[in-house]
There are 2 protein chains.
Amino acid sequence: MARKQGSHSDITGPKVREAALRLIARCGWAAVSMRQLAAEVGVQAGALYNYTPDKQTLLFDLMRDHLVDVIESFDKADPKTDAQSRLRAFVSFHIRYHLPRADAVFVAYMELRNLEPENFAAIEKLRRAYEDRLEAILRQGEAEGAFAMKDARVATRAIIGMLTGFFTWYRQEGRLPLEEVEAIYWDLVCNAVAR
Amino acid sequence: MARKQGSHSDITGPKVREAALRLIARCGWAAVSMRQLAAEVGVQAGALYNYTPDKQTLLFDLMRDHLVDVIESFDKADPKTDAQSRLRAFVSFHIRYHLPRADAVFVAYMELRNLEPENFAAIEKLRRAYEDRLEAILRQGEAEGAFAMKDARVATRAIIGMLTGFFTWYRQEGRLPLEEVEAIYWDLVCNAVAR
DNA sequence: CATCTAACTGAACATCTGTTCATTTGAAAA
DNA sequence: TTTTCAAATGAACAGATGTTCAGTTAGATG
């Protein structure tokens, strides 16, 4: 039997990506076999090759699509006013955008070493582009006299690390509601760089 | 041929652990085969089973030994005086202790999902024990009136995340010497929690 | 209705996987 | 020198791996 009812490319394609994100985030790319992934989708392994040329490209596409989305979404969320407001927006965006995409965040951070060199370079470029947004905000803040720090580039990395670590421990059903955790992180970030 | 010249358990054992840390950090535990590891050590795959009962236990032992070392070493480095001095010592220790052990840090951080449940629980307990050291310092600082933050537990995680992110980008040959980067991080941490 | 073709199956491919174990080796102890 | 045995080898196991492809199916098209 082939092509079950309602099973088209438009349905199976997204299913493949979702299942891949879920499984790779949980088990790691190397530990997930194409047969496992196929079973999760509900097809045979061979059918996956209608949706990706190979396993490596599947990983790369997942990471690239995620990062491109992150950057585009932030550029829309960026108020582009004073540095303080922009930094506040960045912290809020980073937490709120990534939270419902925890699998993609996990994959994009943890699977870098499984990318072939040219794919790695492309992903690093995108990651750097996102970091550069934050760095630009910090530098604007320095210019405005609102922020003071020893080194904007290192501060950028420190803040990104701090915000990203968030996803390794936050659980919806935990002690604190999201609004509160967001406020706590904003407090820490703001104090760290404020003049 | 067996037992090459100068090849004893005391030599091969450490070699296995070093090679395992190096390979797992670079490629991921799931992606490293016992034959690859054996080749790196310079023995056949079967010989590895003189040093570990199985691949899973090898991973667990590497992570546990690392974390036990971290905790013991910090307890020695902790001045146990005022919170400000202790926090300064924590930041310095975290950066300086982990830097020459980048492979172990990477493995202990990235391979959690490849641990079987009971092993995972044991490692999480150790990680938590380390984080608790920092939390205790922050709470002492609050009690002394030296620090002020909205939530000590969240601040603990934020600071750990910030400091650990350091190892994902710092390179010995980079723009800034270690002393300077350490000072920058201290500045950020200190401002984030200072009253 | 018959036809077309995107989407899928299932078998096959060579190679790799973790682990076991009877066997061999050679440095140190007697 | 002979004995001993820790520390290796290398073959074998059953099953998994990514990927290919000729063949099958069923929904859309004419």
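Mentor: Domain bounds here come from an automatic or database domain assignment. This is a predicted model: local features need pLDDT of at least 70, side-chain atom pairs count only at pLDDT 80 or more, and totals for chains, interfaces and linings use all residues. Residues are numbered from 1 along each chain as its sequence is written, chains are lettered from A and ligands numbered from 1 in the order in which they are written, and side-chain values use heavy atoms, with hydrogens and water left out.

Trainee: OK. Which domains does the assignment give for chain A?

Mentor: Domain 1 covers 1-52 and domain 2 covers 53-193. Their C-alpha centres lie 28 Å apart.

Trainee: How many residues does each domain put into the contact?

Mentor: Domain 1 of chain A gives 15 residues and domain 2 of chain A gives 14. Contact means heavy atoms within 4.5 Å.

Trainee: What area is buried between those two domains?

Mentor: About 1,400 Å², with carbon and sulfur atoms giving 72% of it. Buried area is the accessible area (1.4 Å probe) that two parts lose on being put together, summed over both.

Trainee: Which three residues supply the most on the domain 1 side?

Mentor: Leu21(A), Trp29(A) and Thr52(A). Together they supply 50% of the area that domain 1 of chain A buries against domain 2 of chain A, more than any other three residues.

Trainee: How many salt bridges and polar contacts cross that interface?

Mentor: The rule finds zero salt bridges between domain 1 and domain 2 of chain A. A salt bridge needs a side-chain nitrogen of Lys or Arg within 4 Å of a carboxyl oxygen of Asp or Glu. The rule does find five residue pairs in polar contact across that interface, both residues at pLDDT 80 or more. A polar contact is a pair of N or O atoms within 3.5 Å; within protein, one must be able to donate a hydrogen and the other to accept it, and residues adjacent in sequence count only if both atoms are side-chain atoms.

Trainee: And which elements of domain 1 touch domain 2 with two or more residues?

Mentor: Helix H1 (9-27) and helix H2 (34-41) of chain A. H1(A) gives the most, with seven residues. Helices (H or I, at least four residues) and strands (E, at least two) are DSSP runs, numbered from the N terminus.

Trainee: How many helices and strands does chain A have?

Mentor: Eight helices and zero strands. The C-alpha trace of chain A spans about 65 × 40 × 30 Å along its principal axes.

Trainee: Switching to the two chains. How many residues are in contact?

Mentor: 34 residues of chain B contact 35 residues of chain A. The area buried between the chains is about 2,900 Å², and carbon and sulfur atoms give 65% of that.

Trainee: How many salt bridges there?

Mentor: Four between chain B and chain A. One salt bridge joins the side chains of Glu111(B) and Arg113(A), at 2.7 Å, N to O. There are also eight residue pairs in polar contact between the chains, both residues at pLDDT 80 or more.

Trainee: Which helices of chain B supply at least two residues each?

Mentor: H1 (9-27), H5 (102-110), H7 (152-169) and H8 (178-193). The largest share of the side that touches chain A comes from H8(B), with nine residues.

Trainee: What rotation superposes chain B on chain A?

Mentor: 180°, with 0.0 Å of shift along the axis and an RMSD of 0.0 Å. The two copies are thus related as by a two-fold rotation axis. Superposition is by least squares on the C-alpha atoms of residues with pLDDT of at least 70 in both copies.
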